[in-house]
Structure formats: structure tokens, C-alpha cells
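Please study the structure shown below and then work through the exercises. Each task is followed by a solution in steps.

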Amino acid sequence: MKPTWEDPINKLGGNFCLEMKNVSPDEMDKIWQKLLLILVGESWEFSEYVTGIRIVDRQKKHSTLKVEIWTTLGFTNPEFSKEQRLELKDGFRESMHRQIGQFYNCYVDSIFFTEHARKLN
């Protein structure tokens with residue numbers, strides 16, 4: 001699998017994104033470490049749906065840090081019904097909030113899902 005939207009696996013999915021303002025380097029390191037450990041160790045209930053993670057550091061220009069978790073939960077993935085996908089996305093969002101919320105004060109509503117198929121059109 002390639003870390004691009006166009007990859008056949010990623011094309012069926014999307015990514016959860018949390019944009020954070022004024023994150024300290026220590027908070028950023030803790031968030032990154034926490035996400036890596038739960039994903040590599042497969043101790044997160046949503047690990048099987050994750051295809052990648054990345055941090056986009058725009059702190060110098062916009063005082064913003066974005067955490068993206070790429071998944072297979074897109075609307076074009078025939079593996080899930082609409083109801084299953086919505087339930088998984090809600091659970092994923094809540095769980096992501098719990099994981100990151102230990103280090104950064106954020107709200108569940110600030111975690112957005114973007115479909116990769118829409119980016120390709």
C-alpha cells in the first residue's frame with residue numbers, strides 16, 4: 001500500500017482529522033507517541049480499520065497542528081453498510097477524542113472525517 005489517496009485501499013476510505021491550535025512540542029510528542037503505540041500494538045479497538053497516520057505541522061505559519069488517521073471507512077467501501085459505517089465512525093471519533101484528550105483539550109465535534117473519493121474527483 002502506498003501512502004496516497006489514489007492507492008486502491010485508501011481510495012475506499014478517508015481520514016479523521018483533528019486540527020489543534022498552539023500545541024506545545026511536548027504535547028505533540030505525547031500525542032504522536034500515544035497514537036503510534038496503540039496502533040502498532042493493535043490495542044485500539046479500531047486498529048483493523050487504520051491504514052496510516054500523519055501529523056501536519058503548520059505551527060510556524062498558522063499556529064496549527066493537524067493529526068490525521070487514515071482508515072478504510074469511506075462511503076465507497078462495499079465492506080460496510082451505511083449503518084455500520086456511521087456507527088464505526090462515531091465510535092472511532094469518540095475513541096480518538098479519548099486518546100488525544102489525555103494530552104490536549106479538544107472536543108469530539110472538532111474531529112472531522114473526509115472521504116478520499118471526494119478528493120479524487
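The exercises below concern a predicted model and deal with its sheet and the helices that lie across the strands.

**Exercise 1.** Determine the order of the strands in the open sheet and identify which strands are at its edges.

Solution. Step 1: the sheet is open and consists of 4 strands, arranged as S2-S3-S1-S4 with antiparallel pairing. Step 2: strand S2 (50-58) and strand S4 (111-115) each pair on one side only, and these are the edge strands. Step 3: from one strand to the next, the twist averages 20 degrees.

**Exercise 2.** State how many bridges join S2 to strand S3, and name the bridge partner of Arg58 in S3.

Solution. Step 1: S2 and strand S3 (residues 64-71) run antiparallel and are joined by 8 bridges. Step 2: Arg58 has Thr64 as its bridge partner in S3.

**Exercise 3.** Trace the pairing of S1 with S3 and with S4, using Phe16 as a guide.

Solution. Step 1: the antiparallel pairing of S1 with S3 extends over 8 bridges. Step 2: S1 and S4 also pair in the antiparallel sense, over 5 bridges. Step 3: the bridge partner of Phe16 in S3 is Ile69, and its partner in S4 is Phe113.

**Exercise 4.** Establish which strands each of the helices H2 and H4 lies across, and how many residues of S1 are buried.

Solution. Step 1: helix H2 (residues 25-40) lies across strand S1 (14-21), S2 and S3, at about 175 degrees to S2. Step 2: helix H4 (residues 82-101) lies across S1, S2, S3 and S4, at about 35 degrees to S1. Step 3: with buried taken as under 20% relative accessible area, 6 of the 8 residues of S1 are buried, and the strand is mostly covered.

Terms used:
Residues are numbered from 1 along each chain as its sequence is written. This is a predicted model: local features need pLDDT of at least 70, side-chain atom pairs count only at pLDDT 80 or more; totals for chains, interfaces and linings use all residues. Side-chain values use heavy atoms; hydrogens and water are left out. Two strands pair if DSSP finds at least two bridges between them. Helices (H or I, at least four residues) and strands (E, at least two) are DSSP runs, numbered from the N terminus. Axes are lines fitted to C-alpha atoms, for helices over the stretch in contact, and angles run from 0 to 180 degrees between N-to-C directions. Contact means heavy atoms within 4.5 Å. Buried means under 20% relative accessible area, exposed over 50%, partly exposed in between (1.4 Å probe, protein chains only).
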